[in-house]
Each structure stands twice: as structure tokens, then as C-alpha cells.
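Open the model in your viewer and keep the selection tool at hand. We will go from stop to stop, selecting as we go.

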Amino acid sequence: MFSVNFFSEDNGNKPVAEFISALAPKMRAKVVSDLHRLEMLGSEARYPLSRHLGLGIFELRTILGHDIVRVLYFFDKNEIIVATNGFVKKQMKTPRSEILLAVKRREKYFEKRGRE
């Protein structure tokens, strides 16, 4: 079984936790449920639950009615999933800015982990 961790900023803020907390209750419950499914499936998660975006970044895909939420993540070692950022999807393609933010946070995560 995998473990989902939320990326933590230097000040201790966890952007994904804050994003999920701000969602409507039903969507929040669905995202949390999908995160638990991701923990069970890990690297075996496939479309439509998860999709590889490139650059080592994946997206967790949550749909509830007409609302679409994405949580971007990467893998650290074999059993750790690090969620970097989340957003409400309003267009067909995942915004490049969101992917680049996830890449930047992944680099920062490994840099910080290397110092520990």
C-alpha cells in the first residue's frame, strides 16, 4: 500500500490540503475517496483515475457531475506519493502552468529531502 503525502512549503503550509478544504463538501469527499483509491493502487492506477502528464508528474482525476478537479502528484521511492497542487479544471488541456508548478515543487521536495 502506498502513502499519499501533501507537499509542504517552507512555512509549513500544505497547498493541496488547503485546496481540498476549500472544495464543496461532496466534491471534497470524492477527492478524498479518490486519494484513498490512489493509495491502494499506487503506480498501478490508470485512466480514468490517473494519467501521466509527462516530466514525472501525474494527475488524479476527480469528476462529480459537471465539476472536474485535478490533483497533481509524483512518486518518491516505491511507496510514497507526494501531492503538489490541485485545481478546478475549466478547459480541455491541463494548464501548463499547473504542470510546471508541480515540477517546481517536486524539485524543491527532493532538494529539501536531500538536506535532511
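Select Arg51, which sits in strand β2. This is a predicted model. Is Arg51 buried, partly exposed or exposed? Its relative accessibility is 33%, so Arg51 counts as partly exposed. Now show what surrounds it. Leaving out residues up to four places away in sequence, Arg51 touches Ile57, Phe58, Glu59, Arg61 and Thr94. Next, add Lys108 to the selection. Arg51 and Lys108 are 57 residues apart along the chain. Draw a line between their C-alpha atoms: the separation is 23 Å.

**Two backbone stops**

Select Leu55, in the loop between β2 and β3 (57–64). Check its phi angle. Leu55 is not a glycine, yet its phi is positive, about 60 degrees. Why look twice at that? Most residues other than glycine have a negative phi. Leu55 counts as partly exposed because its relative accessibility is 48%.

Move to Tyr47 and Pro48. Which form does the peptide bond between them take, cis or trans? The bond from Tyr47 to Pro48 is cis, with omega near 10 degrees. Most peptide bonds are trans. Pro48 lies in the loop between α2 and β2 (50–54).

**Into the core**

Select Leu60 and Val31. The largest nonpolar core has 18 residues, and these two touch the most other members. Where do the core residues come from? At least two each are supplied by α1 (15–21), α2, β4 (67–76) and β5 (80–88). Which element gives the most? Helix α2 does, with four residues. In soluble globular proteins, nonpolar side chains tend to be buried together.

Stay on Leu60 and show its contacts. Skip the neighbours within four places in sequence. Leu60 is then in contact with Val31, Asp34, Leu35, Leu38, Leu49, Val69, Arg70, Val71 and Tyr73. Apart from the largest core lies another one, of nine residues. To find this other core, select Phe7, Phe74, Phe87 and Ala102, which are among its members.

**Rings**

Colour the aromatic side chains. How many aromatic pairs does the structure hold? There are seven. Zoom in on Tyr73 and Phe75. Their pair is edge-to-face, with 5.7 Å from centre to centre and 80 degrees between the planes. Tyr73 is buried, since its relative accessible area is 2%. Phe75, at 21% relative accessibility, counts as partly exposed. The cut-off for buried is under 20%.

Now jump to Tyr109 and Phe110. The ring centres of this pair are 5.1 Å apart. The planes of Tyr109 and Phe110 stand at 80 degrees, so this pair is edge-to-face. Tyr109 has 18% relative accessibility and therefore counts as buried. Phe110 has 31%, so Phe110 counts as partly exposed.

Go back to Tyr73 and Phe75, and add Phe2 and Phe58. These four residues form one aromatic cluster. Phe58 has been on the tour before, among the residues that Arg51 touches.

**Last stop: the surface**

Show the surface and select Met40, in helix α2 (residues 25–41). Is Met40 buried or exposed? Met40 counts as exposed, because its relative accessibility is 57%. Add Met1 and Leu41. With Met40, they make a nonpolar surface patch of about 360 Å². Helix α2 has now appeared twice: it gives four residues to the largest core, and it holds Met40 of this patch.

Key:
Residues are numbered from 1 along each chain as its sequence is written. This is a predicted model: local features need pLDDT of at least 70, side-chain atom pairs count only at pLDDT 80 or more; totals for chains, interfaces and linings use all residues. Side-chain values use heavy atoms; hydrogens and water are left out. Patches are made of residues with over 30% relative accessible area and no salt bridge: like charges are joined within 9 Å, nonpolar side chains (Val, Leu, Ile, Met, Phe, Trp, Tyr) within 5 Å. Accessible areas come from the Shrake-Rupley method with a 1.4 Å probe; for residues, only the protein chains shown count as cover. A salt bridge is a side-chain nitrogen of Lys or Arg within 4 Å of a carboxyl oxygen of Asp or Glu. Buried means under 20% relative accessible area, exposed over 50%, partly exposed in between (1.4 Å probe, protein chains only). A nonpolar core is a set of buried Ala, Val, Leu, Ile, Met, Phe, Trp, Tyr and Cys residues joined through side-chain atoms within 4.5 Å. Contact means heavy atoms within 4.5 Å. Rings of Phe, Tyr and Trp (its six-membered ring) pair if their centres lie within 6.5 Å; planes under 30 degrees apart count as stacked, over 60 as edge-to-face and the rest as tilted.
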